[in-house]
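Here is a short tour to read with the structure open beside you. It begins in a loop, moves on to the ligand, and then visits a few further residues.

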Amino acid sequence: MTSEADPLTLVLVGPMAAGKTSVGRRVARRLGVPFVDTDKRVVSAHGPIPQIFAEFGESRFRELEREAVAAALAEGGVISLGGGAVTDADTRALLAEHPVVFLTVAPEAVVHRIGGGGRPLLAGDDPVTAWTRIFEERRGWYEEVASVTVDTSRRPMQRIAEEIAAWRRGLE
Ligand code: S3P
């Protein structure tokens with residue numbers, strides 16, 4: 001399923017605030033492989049995400065994100081994608097040969113996680129309504145790329161990470 005150069009590679013997808021970064025970092029630690037957050041890669045190379053959206057538009061962001069996903073998959077490890085990465089057909093194609101975990105979360109849990117700025121798509125007056133609409137628009141794409149689905153609404157991130165690491169080891 002993965003190349004020999006990419007031991008225990010695993011991709012995390014899911015909506016904003018599903019816990020992709022928190023869970024991903026913990027899964028990587030447990031598997032003893034590097035952790036890559038593709039949003040962070042884009043920010044370090046091109047600047048803050050709200051600025052990229054404002055200056056060049058969302059489609060340019062999706063291109064930069066796709067490049068970051070391709071580079072991360074070539075390196076291997078646990079790779080956490082931004083919530084909208086699956087909207088890009090070419091990015092979805094890149095995921096086809098890899099184990100992909102879809103992290104879901106209920107709106108009630110999201111309320112407590114989406115404080116602060118940095119997410120241009122949630123910048124309006126009612127971020128939870130925006131989050132819910134965006135999640136519903138994308139749900140089919142998450143399901144299309146996912147090998148397995150894990151809900152992060154109620155259980156501690158540590159437990160969720162343990163479960164995902166055990167699942168990944170079991171694929172070898
Ligand atoms: C986005 C999600 C963000 C980030 C950007 C766009 C989206 O990542 O990539 O703001 O379209 O859902 P997180 O899912 O890590 O918040």
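A good place to begin is A17, which is found in the loop between β1 (10-13) and α1 (20-31). Keep in mind along the way that this is a predicted model. The backbone at A17 deserves a look: its phi is positive, about 70°, although A17 is not a glycine. Is A17 buried or exposed? With a relative accessible area of 9%, A17 counts as buried, because the cut-off for that class is under 20%.

**Around the ligand**

Next, turn to the ligand. The space it takes is the largest pocket. Around the ligand there are 14 residues, and the closest are K20, D39, R62, R119 and R138. Sorted by class, this shell has six charged, five nonpolar and three polar residues. Which element gives the largest share of the shell? That is helix α4 (residues 58-75), with three residues.

Some contacts can be followed atom by atom. In the side chain of D39, an N or O atom is 2.7 Å from an oxygen atom of the ligand. The side chain of K20 also has an N or O atom by a ligand oxygen, here at 2.8 Å. With G84 the backbone takes part: one of its N or O atoms lies 3.2 Å from an oxygen atom of the ligand. How much of the ligand does the protein bury? Taken alone, the ligand exposes 380 Å², and the protein buries 94% of that.

**The loop between α6 and α7**

R119, listed above among the closest residues to the ligand, has its place in the loop between α6 and α7. R119 is partly exposed, as its relative accessible area is 33%. L121 is found in this loop too, between α6 (107-110) and α7 (127-145). For L121 the relative accessible area is 29%, so L121 is also partly exposed; this class covers the range between the buried limit of 20% and the exposed limit of 50%.

**S153 and G170**

Further along the chain, S153 is found in the loop between β5 (148-151) and α8. A relative accessible area of 15% makes S153 a buried residue. Helix α8 (residues 157-170) is also where G170 has its place. Is G170 buried or exposed? Its relative accessibility is 62%, and therefore G170 counts as exposed.

**Sequence and space**

To finish, here are some residue pairs to locate on screen, with their separation in sequence and their C-alpha to C-alpha distance.

| Pair | Apart in sequence | C-alpha to C-alpha |
|---|---|---|
| R119 and I49 | 70 residues | 7.5 Å |
| L121 and P48 | 73 residues | 14 Å |
| S153 and G57 | 96 residues | 31 Å |
| G170 and R66 | 104 residues | 28 Å |

The R119 row links back to the ligand: R119 is one of the closest residues there, and its C-alpha is 7.5 Å from that of I49, with their positions 70 residues apart in sequence. The G170 row, in turn, pairs an exposed residue with R66, at 28 Å in space.

Methods:
Residues are numbered from 1 along each chain as its sequence is written. This is a predicted model: local features need pLDDT of at least 70, side-chain atom pairs count only at pLDDT 80 or more; totals for chains, interfaces and linings use all residues. Side-chain values use heavy atoms; hydrogens and water are left out. Helices (H or I, at least four residues) and strands (E, at least two) are DSSP runs, numbered from the N terminus. Buried means under 20% relative accessible area, exposed over 50%, partly exposed in between (1.4 Å probe, protein chains only). A residue is near a molecule or strand if one of its heavy atoms lies within 4 Å of it. A polar contact is a pair of N or O atoms within 3.5 Å; within protein, one must be able to donate a hydrogen and the other to accept it, and residues adjacent in sequence count only if both atoms are side-chain atoms. Accessible areas come from the Shrake-Rupley method with a 1.4 Å probe; for residues, only the protein chains shown count as cover. On a 1 Å grid over the protein atoms alone, a cavity is a set of points where a 1.4 Å probe fits but cannot get out, and a pocket is an open set with protein on both sides within 12 Å along at least five of seven lines; lining residues have an atom within 4 Å of a point. A molecule sits in a cavity or pocket if more than half of its atoms lie within 2 Å of its grid points. Ala, Val, Leu, Ile, Met, Phe, Trp, Tyr, Cys and Pro count as nonpolar, Asp, Glu, Lys and Arg as charged, and the others, Gly among them, as polar.
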